[in-house]
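Reader: I have a model open on my screen and would love some help reading it. Could you walk me through it, one question at a time?

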Amino acid sequence: MGLDSFLGAIDTASRSLSVVNRSAPDPVQRMLETTFADQPVGVDELSDDAHGDDVVVLTEQTPEGREVVATSPLEEVMNAVLLVNSDLYKTGQANLAEFELPSVLMRLDDVPFSLRGYPESDKEKLLLVAISRYIERHAWRAGDGRLRSSFQRLSRIEDERGTRAVYQKVASTDVQTHIYGIPDWTPPFNSKLMSHGGYTDDFCDSWFVVYTPPDGGLDGTTGTGGAADGEKAGDERSIDGVAPGHPVALLALETEPKRWEGYWTFRPSLVADIDRYISRNM
């Protein structure tokens with residue numbers, strides 16, 4: 001049993017992205033379609049007087065019909081994944097207070113993705129990069145709990161200025177910050193980062209960012225209702241129904257060179273299972 005045993009732990013949700021009342025140039029629409037090509041997420045465009053111009057709407061097929069899950073300005077989606085490359089996250093984006101992930105991307109939780117890295121694709125992998133930064137910010141906002149992140153090589157923390165700054169910032173709070181990978185670098189003696197090195201497939205082929213709150217979950221909630229499942233009622237700091245202390249995990253595995261299979265989830269029980277496996281086996 002390895003981390004790959006968790007890849008089948010979700011039920012595929014039927015979700016689609018629609019660009020509504022688009023005035024942005026045609027290449028923007030093509031970039032969005034290319035980003036989600038060969039993924040279980042449909043992309044189309046339509047006109048709808050109920051929305052303004054250049055809005056992205058995420059819908060989900062339910063027994064009652066197709067329901068709106070989230071909406072975001074098209075510009076936010078462009079700035080998060082369409083008009084940037086991964087270097088922006090490696091060398092910049094260290095200001096966690098200013099980082100925002102469009103709701104329509106964040107609410108693609110429990111959707112299995114198969115993504116290609118550069119040079120096969122210069123956009124697909126960015127989705128996982130953006131989700132990783134979202135979870136890092138989520139942990140920093142919570143200010144306590146535990147964050148576990150894998151890098152394949154621990155030296156990436158040292159090599160990537162933006163990544164290093166983010167993890168130093170998270171570790172400066174009361175969040176226990178664990179990093180995993182091939183042990184080709186050791187944090188400085190005065191660092192609050194806790195490193196774990198190894199050479200098994202779990203270390204070499206994994207990409208995970210897992211946040212768990214101090215109690216491991218929210219009020220014992222173990223449902224599978226998506227991002228809002230287990231929300232702390234009345235928490236004014238919640239964003240899109242996700243309270244600062246909610247468990248969240250991204251898990252992806254490099255099943256072939258430059259190809260990643262995985263998902264992210266807000267389901268407390270699944271996040272707890274992944275966190276427990278990492279704690280015991282890595």
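Reader: Which residue in β3 does S18 stand opposite?

Author: Happy to help, and please keep in mind that this is a predicted model. Strand β1 covers residues 15-20 and β3 covers residues 55-62; the two run antiparallel and are joined by six bridges. Within β3, the residue opposite S18 is V57.

Reader: Which strands are at the edges of the sheet?

Author: Strands of a sheet pair through backbone hydrogen bonds, either parallel or antiparallel. Here four strands form an open sheet with mixed pairing, in the order β2-β1-β3-β4. Two of them pair on one side only, and these edge strands are β2 (41-46) and β4 (65-73).

Reader: What angle does the direction of helix α1 make with that of β2?

Author: Helix α1, residues 26-35, packs on the sheet and touches β1 and β2. Its direction and that of β2 make an angle of about 160 degrees.

Reader: And at what angle to β4 does helix α2 run?

Author: Helix α2 is made of residues 74-82 and lies across β1, β3 and β4. Relative to β4, helix α2 runs at about 70 degrees.

Reader: D110 has a positive phi; is D110 buried or exposed?

Author: Most residues other than glycine have a negative phi. The phi of D110 is near 60 degrees, and D110 sits in the loop between α4 (103-106) and β5 (113-116). Its relative accessible area is 6%, and the cut-off for buried is under 20%. Therefore D110 counts as buried.

Note on methods:
Residues are numbered from 1 along each chain as its sequence is written. This is a predicted model: local features need pLDDT of at least 70, side-chain atom pairs count only at pLDDT 80 or more; totals for chains, interfaces and linings use all residues. Side-chain values use heavy atoms; hydrogens and water are left out. Two strands pair if DSSP finds at least two bridges between them. Contact means heavy atoms within 4.5 Å. Axes are lines fitted to C-alpha atoms, for helices over the stretch in contact, and angles run from 0 to 180 degrees between N-to-C directions. Buried means under 20% relative accessible area, exposed over 50%, partly exposed in between (1.4 Å probe, protein chains only).
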